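Thanks for coming. I will go through one structure today, part by part, and you can follow along on the screen.

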Amino acid sequence: MTLNPPEIRLSTVIMAHPRRQAAARRLSEAHPALAADVVTDPQPQGPPSALRTARLAWQAVGTGATHHLVLQDDAVLPPDFADTVTALVAERPAAAVSLFSEWGSRTANAVRAAALLGHDWAPVVDDYLPSVALVLPAALALGFEEYARAKATPDATDDVTLLDYLHGVEKVVPVAGPVDHANPPSLVGNDVMGPRSAACLAPRTAPPRTSAPSTLPTMTTVPYFCWWEQLAVAYVHDPQSPDGWRREPAEETLARRGVGRDQVLDALRAALETVPHRRLVHDRVSDVLLTEVWTTAYTLGVVTRELGGTPDPARATARTALATLAPGALRRVVPAPWLSTVGELLTPLVENAVLRGAEAGAADGTTR
């Protein structure tokens, strides 16, 4: 029996600092179907804080709305966004639905694993809730202010406070996300992070689904490139850790699976023999960083294989997701004008690493 999707009545707010009010207005006018109001920082002269504005934005649920969407003023939306977001929320009406996942986040690698296995949704596995474009059921949206007033510290951020507030609520991102990030100068000091673009931006036109939407299974190990320290690490689910995750070097993650560092490096050396524009790769990225990016992608292949099925980098969505791994990893150490080229140069290596890791995972034969 086919169930009718729930009726979604969406209200929308764009949160902005007064210095970006014009940009927020342009965003609203470009998408009239959203009927989006603009909410601005009530204390613009105070210390930078997105939480002040977010508290107002989440209170502004429209009368009769079933769900509430809050957009940040630097969100980039496709022309048909109103229809797209409604359809996505109808698939996950009880969940917190983040419509943007940043290319260097932990959740970005959950998105990549999901794309490699052909899933439509991935769990949020960051230590914050991605909130550039976020939808909550109306009742949850309205409850955020009371929680923030009681629990948030003066220096708290909106995305971390939202994650804490929504403890126990399913938090997901669509694998092919409809929202990108404009990367304007940050008002809260985030420029030090480098460009923050989408992990897997949905194409403007996509073929219709031929099956029911599926979600990546729960991840207990999340490979991650730490772009602060330029290291391949992994986050392992650990109930004893304060946020439920324990960080460790990716080498340790692989060693527990019987995969030694020499095996990983031998695979990299073999891959470099066949990669296009090998000399240019070495000119643009140091061998040290190349090894860390390779190790991250290799670990992603191992972990994805453990989640069920054989990773397929040839899937269109997987190719899109894997193409952002290197730029998301290196955005602080590669000049922004070179990021696109470096991403193109390294994508064949990233895809190769995923396949080699999946082969190693299959040989190990364990599931975690």
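One term before we begin: a residue is called buried if its relative accessible area is under 20%, exposed if that area is over 50%, and partly exposed in between. Please also keep in mind that this is a predicted model.

Let me start with the sheet. Seven strands make up an open sheet with mixed pairing, and their order is S2-S1-S3-S7-S5-S8-S6. The edges are S2, residues 37–40, and S6, residues 121–123, each of which pairs on one side only. From one strand to the next, the twist averages 25 degrees.

At the S2 edge, S1 and S2 run parallel and are joined by four bridges. If you want a pair to look for there, Ile 14 stands opposite Val 38 in S2.

Now go to the other end of the order, to S8. Which strands is S8 joined to, and in what directions? With S5, residues 96–98, S8 runs parallel, and two bridges join them. Val 97 is the residue opposite Val 172 in S8. With S6, S8 runs antiparallel, and here there are three bridges. Trp 121 has Pro 174 in S8 as its bridge partner.

Is S8 covered on its faces or open? Both faces are covered. Lys 171 and Val 173 on one side are buried, and so are Val 172 and Pro 174 on the other.

Next, the helices on the sheet. Helix H3, residues 81–91, lies across S1, S3, S6, S7 and S8, and runs at about 130 degrees to S3. Helix H5 also packs on the sheet, where it touches S3 and S7, and its direction makes about 105 degrees with that of S7.

A second packing site involves helices H8, residues 261–274, and H10, residues 287–306. Their axes are 10 Å apart and the packing angle is about 110 degrees. Angles of 65 to 115 degrees count as roughly perpendicular, and H8 and H10 are therefore roughly perpendicular to each other. On the H8 side the contact includes Val 264, Leu 265, Leu 268 and Leu 272, and on the H10 side it includes Leu 290, Trp 294 and Tyr 298. Sorted by class, the contact has nine nonpolar, three polar and one charged residues.

On to salt bridges. How many does the structure hold? There are 19 salt bridges. I will show three of them.

The first on my list is between Asp 74 and Arg 20, with N to O at 3.7 Å. This pair links distant parts of the chain, 54 residues apart: Asp 74 is in the loop between S3 and S4, and Arg 20 is in the loop between S1 and H1. Asp 74 counts as buried because its relative accessibility is 9%. Arg 20, at 15%, is buried too.

Another is between Arg 55 and Glu 145, at 2.8 Å from N to O. Here the partners sit in two helices, Arg 55 in H2 and Glu 145 in H5, 90 residues apart. Glu 145 is buried, at 12% relative accessibility, whereas Arg 55, at 23%, counts as partly exposed.

The last one I will show joins Glu 248 and Arg 256, whose closest N and O atoms are 2.8 Å apart. Glu 248 has a relative accessible area of 4% and is buried, while Arg 256 is partly exposed at 43%. This bridge belongs to a network: salt bridges with shared partners join Asp 238, Arg 246, Glu 248 and Arg 256.

To finish, two backbone details. Ala 35 is not a glycine, yet has a positive phi of about 50 degrees. Ala 35 sits in the loop between H1 and S2, and with a relative accessible area of 57% is exposed. Gln 230 is not a glycine either and has a positive phi of about 60 degrees. Where is Gln 230? That residue is in the loop between S10, residues 221–226, and S11, residues 231–237. Unlike an exposed residue, Gln 230 counts as buried, with 10% relative accessibility.

That is the end of the walk-through.

Conventions
Residues are numbered from 1 along each chain as its sequence is written. This is a predicted model: local features need pLDDT of at least 70, side-chain atom pairs count only at pLDDT 80 or more; totals for chains, interfaces and linings use all residues. Side-chain values use heavy atoms; hydrogens and water are left out. A salt bridge is a side-chain nitrogen of Lys or Arg within 4 Å of a carboxyl oxygen of Asp or Glu. Buried means under 20% relative accessible area, exposed over 50%, partly exposed in between (1.4 Å probe, protein chains only). Two strands pair if DSSP finds at least two bridges between them. Axes are lines fitted to C-alpha atoms, for helices over the stretch in contact, and angles run from 0 to 180 degrees between N-to-C directions. Contact means heavy atoms within 4.5 Å. Angles under 35 degrees count as roughly parallel, over 145 as roughly antiparallel, 65 to 115 as roughly perpendicular and the rest as oblique. Ala, Val, Leu, Ile, Met, Phe, Trp, Tyr, Cys and Pro count as nonpolar, Asp, Glu, Lys and Arg as charged, and the others, Gly among them, as polar.
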